[in-house]
Every structure is written in C-alpha cells, then in structure tokens.
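Please walk me through this protein model, starting with how its chain is put together and ending with the details of its strands and loops.

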Amino acid sequence: MQSGSMQSGSMQSGSMQDYNYDSLNCLELAVYIGCCHHPKNMQLQSIWHAHRKPLLAMIEQAHFGIQGSVKDHRGNNIIGAKVRVEGRQHVAKTSQQGFFHHLLLPGTYHIHVEADSYQVTDVEVIVPNQGAGNITVILYKERLFFGLSPSMFLMLFGVGLAVIMLFILCLIRVCSDHKYGQRRKGFYRLDSDRMYQEEFADRMAMKAFNSKQTLLSNGYHDNISGSSSEEDVIFNT
C-alpha cells in the first residue's frame with residue numbers, strides 16, 4: 001500500500017460506492033484504521049484521539065471543488081441539469097433545489113452545463129486553494145422551429161432537401177430514357193406538314209411499284225395459241 005491509502009476502484013468495480021458516486025453524486029469513503037475490524041471497547045477512545053485530526057481534515061476537504069445552482073432566466077431552479085467538467089467522465093446532476101457539487105482540486109476548469117429544452121452553456125471556473133468556488137449558471141430556453149431544436153430542424157431540412165433533389169434527378173433520368181427509347185425504336189413525333197409529305201411520297205412510290213409489277217407480269221404472259229411472238233404479246237398488252 002503506497003502512502004498509506006489505496007483506491008478501491010483498483011481492486012474492484014461495480015460496488016455500492018461506485019453507484020452512489022456515479023448515479024447519486026454522493027462521495028462515499030471507507031476508512032480503515034487498522035487490521036482489526038472489530039476493536040475492543042477499551043481501545044476505541046485511544047483510536048479516536050489518534051485519528052481525530054486527520055479525519056476532520058479529510059471531512060473539510062469534502063467541500064473543495066465547485067458548487068452552485070443552475071437557474072433559468074427567470075430565476076427558477078432547473079432540476080436534473082447535467083454539469084460536466086471538461087476532461088472528466090463524471091456528470092453531476094442538479095437536485096430538486098437546482099444545487100450541484102463537483103469535488104475538484106484547486107485550479108481552473110471548464111464547465112459544460114446542459115438541460116432539456118435549454119441552450120448549452122460553457123463556464124470557466126477557478127477553484128480556490130481553500131473551500132469551494134460558488135457559481136450560479138443561467139440557462140436560456142432553446143429556440144424551437146416547428147417544435148424542433150435548431151440542430152434537429154436543420155438535419156431534417158437537409159434530409160428532406162436531399163430526398164427532393166434525388167427525386168428530381170430520377171424523374172429527369174426516367175424521362176430522358178423514355179424519350180431516347182422512343183427515338184431508337186422509330187417512334188417519334190412529326191409535324192403535320194412533314195407527315196403529309198411523307199404519306200404522299202409513300203403513296204406515289206406504292207403506285208409506281210404496283211404499275212411496275214403489272215408491267216412485268218403481263219410481259220412474261222405466254223399466249224395460248226403460241227402463234228404470236230413475244231413482241232406481239234408485249235405490244236398487244
């Protein structure tokens with residue numbers, strides 16, 4: 001045992017002491033004054049006189065650190081506000097009276113205070129060499145947009161804007177693919193003049209084709225009698 005003391009957390013974790021400190025913000029100490037856990041009655045007086053001064057000095061140090069209250073701008077106590085010291089994991093919550101206490105050594109610390117529906121506040125605190133630094137933290141109501149905090153509103157607005165942009169891009173892509181597919185298959189819209197011109201050209205071509213077919217079919221038709229020549233057959237027709 002170094003310096004005559006040890007931390008119980010180095011030996012075991014999850015004890016009642018850890019629960020009281022982490023959840024209830026109540027610092028619990030176990031003091032051992034000897035190897036015998038149950039001294040005799042005649043020894044109690046001498047043990048008390050031997051440890052009275054250091055015990056009282058240790059109790060006085062329980063008030064070191066920072067303490068104070070958290071209020072709103074109207075002076076009302078805020079219950080359950082979280083007070084966190086930068087660089088430390090322990091979080092102190094305000095009591096029913098809005099009071100909190102952090103056990104700290106002398107020095108300068110940055111305090112982070114937050115509560116539901118209130119703006120987060122950072123405070124710099126100096127812990128004196130003797131006693132505790134008393135502070136009062138004022139929190140202001142957080143501005144809401146449509147019942148949402150600014151950070152939540154901005155996040156939802158960004159997500160909604162991204163969804164709308166994605167929908168527009170998909171719609172443009174689908175329309176372009178549909179238009180390109182129609183042109184590739186030969187289905188595209190024509191104006192009326194061009195449509196009539198092409199229809200007229202098709203009719204003329206079909207009429208010329210039919211007349212040519214008739215000429216060819218008659219040119220190769222043989223006479224039944226067989227007396228006329230091929231030239232007579234062609235000219236007769």
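Counting contacts in the protein chain between residues at least 6 apart in sequence, 48% join residues that are at least 24 apart. The model is a predicted one, and of the 237 residues of its protein chain 16% count as buried. The protein chain has five helices and seven strands, and from the N terminus on its elements follow the order α-α-β-β-β-β-β-β-β-α-α-α.

The strands can be taken sheet by sheet. One open sheet consists of three strands in the order β4-β1-β7, and its pairing is mixed. Because β4 (99-102) and β7 (132-139) stand at the edges and each has a single partner strand, one side of each is left without a neighbour in the sheet. On average, and with direction ignored, neighbouring strands of this sheet are turned by 25 degrees against each other.

The pairings of β1 show how the mixed pattern of this sheet arises. Strand β1 (residues 65-72) runs parallel to β7, and eight bridges join the two; along this pairing Gly68 stands opposite Ile135 in β7, while the bridge partner of Asp72 in β7 is Leu139. With β4, in contrast, β1 runs antiparallel, and four bridges join these strands, with Gln67 standing opposite His101 in β4. Strand β1 is also mostly covered, since six of its eight residues are buried.

A further open sheet has four strands in the order β3-β2-β5-β6, with antiparallel pairing. Its edge strands are β3 (91-93) and β6, each of which pairs on one side only, and neighbouring strands of this sheet are turned by 30 degrees against each other on average, direction ignored. Within this sheet, β2 and β5 run antiparallel and are joined by four bridges, and Val85 stands opposite Ile111 in β5.

In a regular strand the side chains alternate between the two faces of the sheet. With that in mind, the next matter is the nonpolar interior. Which residues have the most contacts inside the largest nonpolar core? This core has 18 residues, and those with the most contacts inside it are Ile66, Val70, Ile78, Ile111, Val113 and Leu139. At least two residues of the core come from each of β1, β2 (82-85), β5 (107-114), β6 (121-127) and β7.

Ile78, one of the core residues with the most contacts, offers a closer view of these surroundings. Leaving aside residues up to four places away in sequence, Ile78 touches Val70, Lys71, Asp72, Thr94, Ser95, Gly98, Ala115, Tyr118 and Leu139. Among these, Val70 and Leu139 are themselves listed with Ile78 as residues with the most contacts inside the core, and Leu139 is also the bridge partner of Asp72.

Tyr118, which is among the residues touched by Ile78, takes part in another arrangement, in which Lys141 lies over the face of Tyr118 at 4.6 Å from the ring centre. As for pairs between aromatic rings, the count comes to zero.

The loop between β5 and β6 holds Ser117, whose backbone deserves a careful look. Most residues other than glycine have a negative phi, and most peptide bonds are trans. Phi of Ser117, however, is near 70 degrees, a positive value in a residue other than glycine. Is Ser117 buried, partly exposed or exposed? Its relative accessibility is 46%, so Ser117 counts as partly exposed.

Note on methods:
Residues numbered from 1 in each chain as written. Predicted model: local features only at pLDDT ≥ 70, side-chain atom pairs only at ≥ 80, totals over all residues. Heavy atoms only, no water. Pairing = 2+ DSSP bridges. Axes fitted to C-alpha atoms, helices over the stretch in contact; angles between N-to-C directions. Core = buried A, V, L, I, M, F, W, Y, C linked by side-chain atoms within 4.5 Å. Buried < 20%, exposed > 50% of the residue type's maximum accessible area, 1.4 Å probe, protein only. Contact = heavy atoms within 4.5 Å. Phe/Tyr/Trp six-rings, centres within 6.5 Å; stacked < 30°, edge-to-face > 60°. Lys NZ or Arg CZ within 6 Å of the ring centre and 35° of its normal.
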